[in-house]
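Thanks for making the time this morning. I would like to take you through one model, place by place, and I will try to keep each statement tied to what can be computed from the atoms.

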Amino acid sequence: MKNTVLKIFVVLGLLLASSPGHAWHDQTHLVVAKVAGLRSWYNAAGPDLAKIKTGNIESYNHWFNNNAEAEVTPRMVFEQIERYNERNKLLDSEGHIYGAIIASLRAYEKDLRAGKYAKYHLAYCAHYIADLSQPLHNIPYDNFNQKVHDINDGIVEETILNEPQKIIQHMYVIKLHQDNFEEDLAREIARIANISRKLGYKLRAENRSITKEEAYVQLGHSASLFKAVLQHHQ
Ligand SMILES: [Zn+2]
């Protein structure tokens, strides 16, 4: 009996420890999608709305806690694809945002081929690519992460809608080749993930939130990558 109770507490502890809150706040998501060129940019906060109804089916697509603090590789990105929309908290407690980016595009293409209304999948992709550059979505969800998470997510929220230029000025060209699209995309996801997690460690070491300027640079990575994805898909 004692053992069972103890096990329940351990499991509950794990569940609580691995449930990050939000991500970049709504308007920040909208602006990333807009400056990247998504015509229906106004849908880009939708995946956060989906969380309150679908719970873990959706929320695990928004982060990778990387408890081992390991270098993110393209291989890791590919390994996460099949976990898209999965809700196995115990076997997948770290989340799978990297795979979700490619999986959402596969879902888009599948619905497109079937003649269905497919463009909501692009809004999911836009959202995940924006979350990719949020440092706190790429590092363990420890005390530090929990403490500063919300401040970081909303750091440019109040001003960004009127200042898209602050992101645009940090955008650059990313090439995703038609004949090597997923491999190129996985490499770019891993690259931005590694930049983001390293910034996360820096914030943690310095025990502070992200600055606005650091956030604009991060959002510039996301907008650049999503723009390259759209050039392939739209
Ligand atoms: Zn999110």
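Let me begin with Pro135, which sits in the loop between helix 7 and helix 8, the latter covering 143-153. Please keep in mind throughout that this is a predicted model. Is Pro135 buried or exposed? With a relative accessibility of 0%, Pro135 counts as buried, and if we set aside residues up to four places away in sequence, it touches Ser196, Leu199, Gly200, Leu203 and Ile210. There is also a long-range relation to note here, in that the C-alpha atoms of Pro135 and Gln218 are separated by 8.4 Å although their positions lie 83 residues apart in the numbering.

Ser196, Leu199 and Leu203, which we have just met as contacts of Pro135, are also among the helix 10 residues that meet helix 11, and Gln218 is one of the residues on the helix 11 side of that contact. The axes of helix 10, residues 181-205, and helix 11, residues 212-233, come within 11 Å and cross at roughly 170 degrees. Since angles over 145 degrees count as roughly antiparallel, the two helices are therefore roughly antiparallel to each other. As for composition, the residues of this contact divide into 9 nonpolar, 5 polar and 4 charged.

In the loop that joins helix 10 and helix 11 we find Asn207, a residue other than glycine with a positive phi, near 50 degrees. A second case is Asn66, whose phi is also positive, near 45 degrees, and which is placed in the loop between helix 4 (56-59) and helix 5 (74-79). Their surroundings can be stated separately: Asn207 is partly exposed, with a relative accessible area of 48%, whereas Asn66, at 2%, counts as buried.

Now to the metal site. Which residues are the protein donors of the zinc ion? They are His62 through ND1, His127 through NE2 and Asp131 through OD, lying 2.1 to 2.2 Å from the ion, and along the chain they follow the spacing H-x64-H-x3-D. His127 and Asp131 both belong to helix 7, residues 120-132, and because they are 4 residues apart there, they are separated by about one helical turn. His127 is buried at 0% relative accessibility, and Asp131 is likewise buried, with a relative accessible area of 0%.

Helix 7 appears again when we look at helix 2, residues 26-36, where 8 of the 11 residues are buried, so that this helix is largely enclosed by the rest of the structure. The buried residues include Thr28, His29 and Leu30, and what covers the buried residues of helix 2 includes helix 3 (46-54), helix 7, helix 9 (165-168) and helix 11. Helix 2 is followed by Gly37, whose phi is positive, near 105 degrees.

Finally, a word on aromatic rings. The count comes to 6 aromatic pairs, and one of them, Trp41 with Tyr42, is edge-to-face, at 5.9 Å centre to centre and with 65 degrees between the planes. Trp41 counts as partly exposed, at 25% relative accessibility. Elsewhere, ring pairs link Tyr84, Tyr124 and Tyr128 into a cluster.

Key. Residues numbered from 1 in each chain as written. Predicted model: local features only at pLDDT ≥ 70, side-chain atom pairs only at ≥ 80, totals over all residues. Heavy atoms only, no water. Donors = N, O, S within 2.8 Å, 3.2 Å for Na, K, Ca; no water. Buried < 20%, exposed > 50% of the residue type's maximum accessible area, 1.4 Å probe, protein only. Axes fitted to C-alpha atoms, helices over the stretch in contact; angles between N-to-C directions. Parallel < 35°, antiparallel > 145°, perpendicular 65-115°, else oblique. Contact = heavy atoms within 4.5 Å. Nonpolar A, V, L, I, M, F, W, Y, C, P; charged D, E, K, R; others polar. Phe/Tyr/Trp six-rings, centres within 6.5 Å; stacked < 30°, edge-to-face > 60°.
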